[in-house]
Amino acid sequence: MKPRPQGSSQEHSPAAASPATEPSAPDAQEDTQDDLPERETRRSSCPVVGIGGSAGALEAFEQFFRKMPADSGLAFVLVPHLDPTHKGIMPELLQRYTGMPVHQAAEGLPVLPNCVYVIPPNRDLGLLDGVLHLLEPSAPRGLRLPIDFFFRQLAADQAERAIGIVLSGMGSDGTLGLRAIKEQLGMAMVQDPATAKYDAMPRSAVGTGLADFVAPVDELPAKLLAYVGHRSRATSLPDPAKKTTQSALGRLLLLLRTRTGNDFSLYKRNTVLRRVDRRMSVHQIASLPDYVTYAQGQPAELELLFKELLIGVTSFFRDSTAFELLKERAIRPRLHLQQAAFRVWVPGCSTGEEAYSIAILLRECLDEEPQLQPKVQIYATDLDEEAIEFARQGLYPANVAADLSPDRLQRWFVKEGEGYRVRKHLREMLVFARQNVLADPPFTRLDLLCCRNVLIYLNAEVQKRLLPLFHYALSPGGFMLLGPSESLGPSAELFHPVDSHWKLYGRADVPTTYGGLQHFPSRMLPQETSAAPSGAPPATRVGTTLQDAVRQVVVDAVAPPIALVTEKGELLYTTQRTGRFLEPPVGSAHLNVFEMAREGLRLELALAVRRASSQQAEVELKGLSVKTNGERETVDVTVKPLAEHEALRGLLMIVFKDAPRPRRRGGKRSGADAASVALVASLERELAHMRESLQTTLEEMSTSQEELKSSNEELQSTNEELQSTNEELTTSKEELQSLNEELMTLNAELQAKNDELSLASADMRNLLNSIQIPTLFLDNQLRVKRFTSQATTLFSLIASDVGRPITDVVCHLQCDTLEADVRSVIDSLVPIERAVDGRDGRPFTMRAVPYRTLEDKIDGVVVTFVESVKRRHAEAELKQATEWLQHVLAGTLDGFVVYDRDFRFAHLGPTDLARLQESGRDPALLLGKVLWEESPELVGTPAEERLRHAMLHRERVAYEHQQGDRCYDVRAFPSLDGGIAVLSTDVTERKRGR
């Protein structure tokens, strides 16, 4: 709900506050703080900054985080518009511009300081107790407003510590979310539209007048840190009991009243101080007197403070249970009793959602029971002109769909552009007007008065005066709905409870306590008049039929002097002897009975004609003294509307009858006394006439105002009808715009990815060129996809050969199996390495491996050719050295065995091979077997322990091993392939020779 000042109109003034119902609103809870500890536990451990953006937002995000330090102590939640079918890469892109960890939001993820969280695609993001929650989108693609959704969740969870930032984007997503944050005394920042790549979203947010800071995106971090730093240093509100605070606040309220014409002095002090404290935090002003001095020199600041005090909380069917109760227990029963007109007043209507909700309830009840056809009049008032104008238009943003059932949305709203417009026949049920409930007259004879969460912002004295006013405005048996946080207090005897929880009351049949009304202006009790009849019929209606009808009327009236006139006094017909009372005017001839009336009759006759015309009832004037031919006669005048004859309808008949002269009492009076009496009587009649004329003028003015209002509404309806002709052309605008925003975001991501790929491609090209290895990239059909410049030395390749089969390209290698080898790799996915020679005799090692994509799909083969002259020389030398070593070992050792890391036989020396062959065993059968299986007698011996030690620690070991009657000197050392080599020498004879 929004607090509203006294000097304006309702919903935003004490009597004009918006229909917020949440008792947890900051101002609503200022006097009941028992739940504050619980609320504190719901918050994150640090201020949470929600950042929303759409098209062009990626660039804005980057600029923002380049300037934001990694140790700010804040948590950031980013809500861009993302393509729901595309896997987002924004966390990876943003991680390059900030030292804070960037996470994609996940279900149940706690919000921590110095971290950044990004909403995932195709999800709505909520926040509860400082923990993120992912929700399935409730709206179809094109209607989603994820920024508004998260900002509202952020405001509800973090209250005054919530911070919302709107950056570049198309549409208006985020605007209502910022309003929700401001309602909870949070802070709103917006990128300067002039610096945004797409300015629609920032411009919409700035247009609300709620933004605390509007600046280029690279300046927002500094302002954010300054604001948070000041808030962390501020410990409490200014003490309203201190004289300095009272004095400063009084001067500030005086400045507000002078600047805006609205008086906030009747608001609760804490309500005003909370709002003022927020403005002080924005400007980093430490004391209230200093802020008053600042505001006095900055008229724009007073306007911003005024808007701060007028922020309203309202939505369609807010607290749906209360509205269902209102429908069944108040509206429906009252409709059955009211056959003429059903009157509703919604003070503090704000932007009209609550008033339209009541109109929907009434319309639903009437549609369900067609026999009920009362005229419905709903008056919705507020002191905020902008809010009233918004309500008159009845065009609401797309996110109102979340507050309405699909049936009501389809039945009572029409999709228009980016939002929904209330249907015309429903808008025609309401009259929106600016009003201050504390200063302007109330609407009376009401069946229902809905004033939710207005009283909680006003002090007790004002509440005590307002409730009798509401009792006076209600008809007997009427109902009043207040907010859940409000109570009747000392005025409880004026109402009886219908539902105590939702504060629905019925009007008690007791006299209104006028002691509460006397403090309000007397003009608060207006007299409502009915509309005047239509204009007079034209003179052409008087003809032959008219004369026949007049003759009959004259006969019925016993033929006294009669005049037939229009309601404007135009004379149409007269009978005989009317000249005694009417005479032609001097100058130009005017057949107007008011100008023709003789002295003593003119004023009274004009008054009687007007009363008879407006009331459509017969009016009699008794004992008028009329001057005729120098003498005075007493006459009775009767003015009668002629409604019973079709030809005469709309005309009036004036009948003059002679009246007896009044008797004189107490003898004859002197001429002076008679003259005095006549003068007094004349003056009294003239005074009565002036009073009646004044009343008639007021009634005519009221009628003219109603006609002007009706004309204005007709013009508005015409304008709406003209606008509706564009609905078919704009039906898909929102979805196309949303899709365009998603494409913009996706394009920005793809552009960033393309830059990365270009960089990676350049790195790969430089790498391949630097290693100077001929390389071919072939697809599954052996067509050339790419090749390095060195490959042209082995194949006759040029740039235009890309896409040609490699078999069609001249090859400078002595290799007839190239095609078969490549196809084998594609079919088996087993790499091949083969030695090939060039035609010039240079040796190469050809290596072919499958080409795998990032999705692990096989999309061809990569063939490399490494020149192997040095390798072949090394292999030849190694082979020669191996043969020499084996020859040496064969002559000097009894045994030489190489085991792999699993103690499997990998290689046997010449002596061991010879022994196996002599014993008739095939050496090949021994290779691959485990040592412990072949020689189980070694298990558990010191030999096993030493061999395992050599394998595990990669160390040399030496020991003697006794096997039967033979003794061996054993030496084990690590081999190059991870196993160990074991040399054994028979030292039995040497031992015995000792």
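Visitor: Over how many bridges do β16 and β17 pair, and in which sense?
Guide: This is a predicted model, in which local features need pLDDT of at least 70, side-chain atom pairs count only at pLDDT 80 or more, and totals for chains, interfaces and linings use all residues. Residues are numbered from 1 along each chain as its sequence is written, and side-chain values use heavy atoms, with hydrogens and water left out. Two strands pair if DSSP finds at least two bridges between them. For β16 and β17 there are 4 bridges, and the sense is parallel.

Visitor: Which residue of β17 is the bridge partner of leucine 446?
Guide: Strand β16 covers residues 446–450, and strand β17 covers residues 474–481. In β17, the partner of leucine 446 is leucine 474.

Visitor: How many of the 8 residues of β17 are buried?
Guide: A residue is buried under 20% relative accessible area, exposed over 50% and partly exposed in between (1.4 Å probe, protein chains only). Strand β17 is mostly covered, and its buried residues number 6.

Visitor: Which strands stand at the edges of the open sheet that contains β16 and β17?
Guide: Helices (H or I, at least four residues) and strands (E, at least two) are DSSP runs, numbered from the N terminus. The sheet has 7 strands in mixed pairing, in the order β15-β11-β10-β16-β17-β19-β18. Two of them have a single partner strand each, so one side of each lacks a neighbour in the sheet: β15 (430–434) and β18 (495–499).

Visitor: Which residue of β16 stands opposite tryptophan 345?
Guide: Strand β10 (residues 341–347) pairs with β16 in the parallel sense over 2 bridges. Across from tryptophan 345, the residue in β16 is leucine 449.

Visitor: At about what angle does helix α14 run to β15?
Guide: Angles run from 0 to 180 degrees between N-to-C directions, and axes are lines fitted to C-alpha atoms, for helices over the stretch in contact. Helix α13 (residues 353–368) lies across β10, β11 (375–382), β15 and β16, at about 160° to β10. Helix α14 (residues 385–393) lies across β11 and β15, and its angle to β15 is about 165°.

Visitor: How far is arginine 434 from threonine 381 in space, C-alpha to C-alpha?
Guide: Arginine 434 belongs to strand β15 and counts as partly exposed at 39% relative accessibility. Although 53 residues separate arginine 434 and threonine 381 in sequence, the C-alpha to C-alpha distance is 5.4 Å.

Visitor: Is arginine 445, with its positive phi, buried or partly exposed?
Guide: Most residues other than glycine have a negative phi. Arginine 445 has a positive phi of about 55° although it is not a glycine, and it lies in the loop between β15 and β16. Its relative accessible area is 48%, so arginine 445 counts as partly exposed.

Visitor: Is phenylalanine 317 buried or exposed?
Guide: Phenylalanine 317 also has a positive phi, near 50°, and is found in the loop between α11 and α12 (320–337). With a relative accessibility of 7%, phenylalanine 317 is therefore buried.

Visitor: How are α10 and α11 oriented to each other?
Guide: Helix α10 (residues 288–297) and helix α11 (residues 299–309) pack at about 110°, with axes 5 Å apart. Their contact (heavy atoms within 4.5 Å) involves Tyr291, Tyr294, Ala295 and Gly297 of α10 and Pro299, Glu301, Leu302 and Leu305 of α11. Angles under 35 degrees count as roughly parallel, over 145 as roughly antiparallel, 65 to 115 as roughly perpendicular and the rest as oblique. The two helices are therefore roughly perpendicular.

Visitor: Which residue of β7 stands opposite isoleucine 51?
Guide: A parallel open sheet has 7 strands in the order β3-β4-β2-β1-β7-β8-β9, with β3 (102–104) and β9 (213–215) at its edges. Within this sheet, 5 bridges join β1 (residues 48–53) to β7 (residues 162–166). Opposite isoleucine 51 in β7 is isoleucine 165.

Visitor: Which exposed residues lie on the face of α27 turned away from its buried side?
Guide: The buried residues of helix α27 (residues 910–918) are Thr911, Asp912 and Leu916. They cover an arc (that of the directions from the helix axis to the C-beta atoms) of only 135°, which puts them on the same side of α27. The face turned away carries Gln917 and Glu918.
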